[in-house]
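Trainee: I have a model open and would like to learn how to read it. Where should I begin?

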Amino acid sequence: MNTIDLAEKIREDCIIATNKARASHIGSMFSIADILAVLYGETLRQNKKGTDVFYDKFILSKGHAGLAVYSALAEIGVLNKEELLSTYYQDGSKFSGHVSKTGNAGIELSTGSLGQGVCAGVGMALARKLDKSDSKVFVLVGNGECNEGSVWEAVMLASAKKLDNFTIIIDDNHLQCMGDSKKIIDMSNMAERFSAFGFETIEIDGHNHKQIKLALNKKHSLPLAIIAKTIKGKGVKMMENNNDYHAKYVKDEELDSVLAELRGRA
Ligand SMILES: Cc1ncc(C[n+]2csc(CCOP(=O)(O)OP(=O)(O)O)c2C)c(N)n1
């Protein structure tokens with residue numbers, strides 16, 4: 001499957017599973033569907049043997065969008081799609097709302113408390129350097145998540161250790177659960193901030209697969225920050241830049257038309 005089709009499948013699974021579960025965060029998932037499609041469809045190298053699926057590591061630090069990662073893994077055959085769509089977010093399911101590593105091959109870390117994934121990712125990248133491994137570590141954070149102090153502590157360490165195997169991707173959709181990020185803490189100069197902390201930076205359109213691919217494959221001698229300009233809810237007009245869909249799902253009566261809109265887009 002090419003990455004465009006994979007992104008569409010991720011969005012489709014997210015609509016269906018959140019509708020069935022009456023669960024939220026669909027806007028946050030749609031914002032990163034294209035980035036995940038390129039990561040899982042092309043970038044991350046897999047191990048040839050053993051139970052550890054990936055040679056390169058990916059952590060979703062904004063764990064509330066975890067369904068999009070489960071779906072990417074299901075669509076590439078690592079997780080069970082039928083089980084995902086029928087049990088997501090239900091009592092006893094291993095597919096919890098915030099991404100969970102327990103029982104799920106290919107997930108490197110359970111997250112949900114914002115600001116934690118970056119810290120773990122920097123530690124993993126440092127360990128790989130000490131082991132003289134060429135495995136890479138990618139961490140995806142939300143722009144609102146960058147309000148967390150722990151993000152910047154980890155970023156300082158990555159910079160001090162010159163971790164050229166570490167990439168942070170910022171899903172810069174200018175919204176967070178409580179509203180417009182500019183009105184909460186204005187971090188619209190994200191590239192300048194990461195650059196001041198000793199990172200190489202690159203700004204891309206986070207829905208353009210060619211740009212995503214180039215950025216993820218970019219050689220860098222310092223840790224890299226990819227500032228991905230994205231649209232929360234990207235792919236369905238009524239959801240785009242509509243922060244209500246941080247906490248809403250598509251209703252039964254809207255399901256067919258939303259899926260049709262999505263399928264006609266690619
Ligand atoms: C430590 C912590 N504080 C608060 C929350 C509640 N919370 C869930 S999502 C969210 C907003 C995240 O915004 P952003 O990172 O921009 O992600 P997106 O807008 O793409 O959902 C918050 C504050 C949390 N999960 N963890």
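Mentor: Begin with the inventory, and keep in mind that this is a predicted model. The protein chain has 10 helices and seven strands. Its radius of gyration is 17 Å, close to the 18 Å that the globule rule gives for 266 residues, so the chain is as compact as a globular protein of that length. Along the principal axes, the C-alpha atoms fill a box of roughly 55 × 45 × 35 Å.

Trainee: In what order do the strands of the open sheet lie, and is the pairing parallel or antiparallel?

Mentor: For a sheet, read the order of the strands in space, then their direction. Here five strands form an open sheet in the order β1-β2-β3-β7-β6, with parallel pairing. At the edges are β1 (57–60) and β6 (200–205), each of which pairs on one side only. On average, neighbouring strands of this sheet are turned by 20° against each other, direction ignored.

Trainee: How many bridges join β2 to β3?

Mentor: Six bridges join β2, residues 137–142, to β3, residues 166–172. To find the register on screen, take Val 137, which stands opposite Phe 166 in β3.

Trainee: Which strands does helix α5 lie across?

Mentor: For a helix on a sheet, look at the strands underneath and at the angle. Helix α5, residues 116–130, lies across β1, β2 and β3. Its direction is at about 165° to β2.

Trainee: Now the pockets. What is the volume of the largest pocket, and which residues are closest to its centre?

Mentor: For a pocket, take the volume, then the lining, then the classes of residue. The largest pocket has a volume of about 230 Å³. It is lined by 17 residues, of which His 64, Leu 114, Gln 176, Cys 177 and His 246 are the closest to its centre. By class, this lining has three nonpolar, 10 polar and four charged residues.

Trainee: How does the lining of the second largest pocket divide by class?

Mentor: That lining has two nonpolar, six polar and five charged residues. The second largest pocket has a volume of about 170 Å³. Asp 172, His 174, Ser 181, Lys 182 and Ser 188 are the closest to its centre, out of 13 lining residues.

Trainee: How many cavities of 30 Å³ or more are there?

Mentor: A cavity differs from a pocket in that a 1.4 Å probe fits inside but cannot get out. The count here is one cavity of 30 Å³ or more. The largest cavity has a volume of about 60 Å³.

Trainee: Which strand gives the most to the lining of the largest cavity?

Mentor: That is β1, with three residues. The residues that line the largest cavity include Tyr 40, Phe 58, Ile 59, Leu 60 and Glu 108. By class, the lining has eight nonpolar residues, one polar and one charged.

Methods: Residues are numbered from 1 along each chain as its sequence is written. This is a predicted model: local features need pLDDT of at least 70, side-chain atom pairs count only at pLDDT 80 or more; totals for chains, interfaces and linings use all residues. Side-chain values use heavy atoms; hydrogens and water are left out. Two strands pair if DSSP finds at least two bridges between them. Helices (H or I, at least four residues) and strands (E, at least two) are DSSP runs, numbered from the N terminus. Axes are lines fitted to C-alpha atoms, for helices over the stretch in contact, and angles run from 0 to 180 degrees between N-to-C directions. Contact means heavy atoms within 4.5 Å. On a 1 Å grid over the protein atoms alone, a cavity is a set of points where a 1.4 Å probe fits but cannot get out, and a pocket is an open set with protein on both sides within 12 Å along at least five of seven lines; lining residues have an atom within 4 Å of a point. Grid points are joined across faces, edges and corners, and a volume is the space filled by probe spheres set on the points. Ala, Val, Leu, Ile, Met, Phe, Trp, Tyr, Cys and Pro count as nonpolar, Asp, Glu, Lys and Arg as charged, and the others, Gly among them, as polar. The radius of gyration is taken over C-alpha atoms; the globule rule is 2.2 Å times the number of residues to the power 0.38.
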